[in-house]
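The report that follows looks at ring pairs, a helix contact, backbone geometry and a few individual residues in the model shown here.

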Amino acid sequence: MEPDETLALFDHEMREHARPDGPGTRVERVGDVVRQTGGPDDWNGVVWTAPDLSPARAQSEIAAQLGHYAARGVSEFEWKLYAHDGPPGLGALLTAAGFEPEPPETLLVAPVADQAGAVELPEGVRLRHVTDAAGVELMVRAHELAFGTAGSRLRHQTLARLADAPPDTFVAVVALAGDEPVSSARMEMHPGTGFAGLWGGGTAAEWRGRGIYRALIAHRARIAAGLGYRFLQVDATDRSAPILRRLGFTALSTTTPYVYRTAP
């Protein structure tokens, strides 16, 4: 498929017809947006806007979402704005309403078959699938080492997915050097679509540059291939985007998280 065709398919399957990304969350189309609502440790926010959204309707929708999440006691939610979304100036309207833009990410996609190669790890490093609370703690530790941020939300979301996710919709894996977690990653699979989403791939600083990140891509791609998915999708930071491009991923768009936080 050409990149514009793949982007149109992504918008249709993964945004306009988004599925809940965890137990206890609800996805609904209301007016000109599709949004997800969950608890305080879930991802809350707008994932899609109608392509013919006008500035006046955009302002109305922004006000409606502020009211929706405030009524449910959600103190933080995100409006996921893609570069190809309209209307022009939507980012400025969000900022004027109190949203704060975070660093943009690159939407990258690759055919699953192109990435499902050999899983080559450095000597002494092994992969462990996360299936229980002990594995979750290892993954959280790897995440904190890689990104320098607290893993409490990741812990909550992963435990919930392990407890309630339907079969073949969620994979979490941690790379161990001996018994020490040095990298971790997740994959969200969406039955009925062609996309498997890669999330959270990160490696502790002293272990970067040894192929662990690439091995985690290949490992998850092999699983996705076995389940019949066509594409891997990543919202990549500036750190991971160059690696993914070298591996053959194609940039389709950029996405900027506009985050609204209520005062503590």
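## Aromatic pairs and ring contacts

In this predicted model, a search of the whole structure finds eight aromatic pairs. One of these is formed by phenylalanine 10 and phenylalanine 195, whose rings meet edge-to-face at 5.6 Å centre to centre, with 80° between the planes. The pair links distant parts of the chain, since phenylalanine 10 belongs to helix α1 (residues 3-16) and phenylalanine 195 to strand β10 (residues 195-203), 185 residues apart. Phenylalanine 10 and phenylalanine 195 are both buried.

For phenylalanine 77 and tyrosine 260, the ring centres are 5.8 Å apart and the planes stand at 35°, so this pair is tilted. This pair, too, links distant parts of the chain: phenylalanine 77 is in strand β4 (residues 76-82) and tyrosine 260 in strand β12 (residues 250-261), 183 residues apart. Phenylalanine 77 has a relative accessibility of 3% and therefore counts as buried, whereas tyrosine 260, at 22%, counts as partly exposed. Phe77 and Tyr260 also belong to one aromatic cluster, together with Tyr69, Trp79 and Phe99.

A ring contact of another kind involves a charge: the charged end of arginine 210 sits over the ring of tryptophan 207, at 4.2 Å from the ring centre.

## The contact of helices α5 and α6

Helix α5 (residues 133-147) and helix α6 (residues 152-164) have axes that come within 10 Å and cross at roughly 145°, and the crossing is right-handed. On the α5 side the contact involves Ala133, Val136, Glu137, Met139, Val140 and His143, which meet Leu154, Arg155, Thr158, Leu159 and Leu162 of α6. By type, the residues of this contact divide into seven nonpolar, two polar and two charged.

Histidine 143, found in helix α5, is buried, because its relative accessible area is 15% and the cut-off for burial is under 20%. When neighbours within four places in sequence are left aside, histidine 143 is in contact with Leu154 and also with Gly148, Thr149, Ala150, Gly151 and Ser184.

## Backbone geometry in two loops

Most residues other than glycine have a negative phi, and most peptide bonds are trans. Against that background, two places in the backbone deserve mention. Glycine 86 and proline 87 are joined by a cis peptide bond, with omega about 0°, and proline 87 lies in the loop between β4 and α3 (90-96). Aspartate 168, a residue other than glycine, has a positive phi near 60°, and its place is in the loop between α6 and β8 (170-177).

## Residues with sequence-distant partners

The table gives, for three residues, a partner in the chain with the separation in sequence and in space.

| Residue | Partner | Separation in sequence | C-alpha to C-alpha distance |
|---|---|---|---|
| Serine 75 | Threonine 262 | 187 residues | 5.2 Å |
| Alanine 58 | Aspartate 32 | 26 residues | 8.3 Å |
| Arginine 35 | Valine 47 | 12 residues | 5.7 Å |

Serine 75 lies in the loop between α2 (55-71) and β4, and at 44% relative accessibility it counts as partly exposed. Not counting residues up to four places away in sequence, serine 75 touches Thr262, its partner in the table, as well as Tyr260 and Arg261; Tyr260 is also the residue that forms the tilted pair with phenylalanine 77.

Alanine 58 lies in helix α2 and, at 1% relative accessibility, counts as buried. Beyond residues up to four places away in sequence, alanine 58 touches Leu53, Leu90, Leu93 and Pro87, and Pro87 is the residue joined to glycine 86 by the cis peptide bond.

Arginine 35 has its place in strand β2 (residues 33-37). Is the charged residue arginine 35 buried or exposed? With a relative accessible area of 8%, arginine 35 is buried. Leaving aside neighbours within four places in sequence, arginine 35 is in contact with Arg26, Val27, Glu28, Val30, Gly45, Val46, Gln65, His68 and Tyr69. Of these, Tyr69 is a member of the aromatic cluster that also holds Phe77, Trp79, Phe99 and Tyr260.

Technical notes:
Residues numbered from 1 in each chain as written. Predicted model: local features only at pLDDT ≥ 70, side-chain atom pairs only at ≥ 80, totals over all residues. Heavy atoms only, no water. Phe/Tyr/Trp six-rings, centres within 6.5 Å; stacked < 30°, edge-to-face > 60°. Helix = DSSP H or I, 4+ residues; strand = E, 2+ residues; numbered from the N terminus. Buried < 20%, exposed > 50% of the residue type's maximum accessible area, 1.4 Å probe, protein only. Lys NZ or Arg CZ within 6 Å of the ring centre and 35° of its normal. Axes fitted to C-alpha atoms, helices over the stretch in contact; angles between N-to-C directions. Left-handed = near helix turned anticlockwise from the far one by under 90°. Contact = heavy atoms within 4.5 Å. Nonpolar A, V, L, I, M, F, W, Y, C, P; charged D, E, K, R; others polar.
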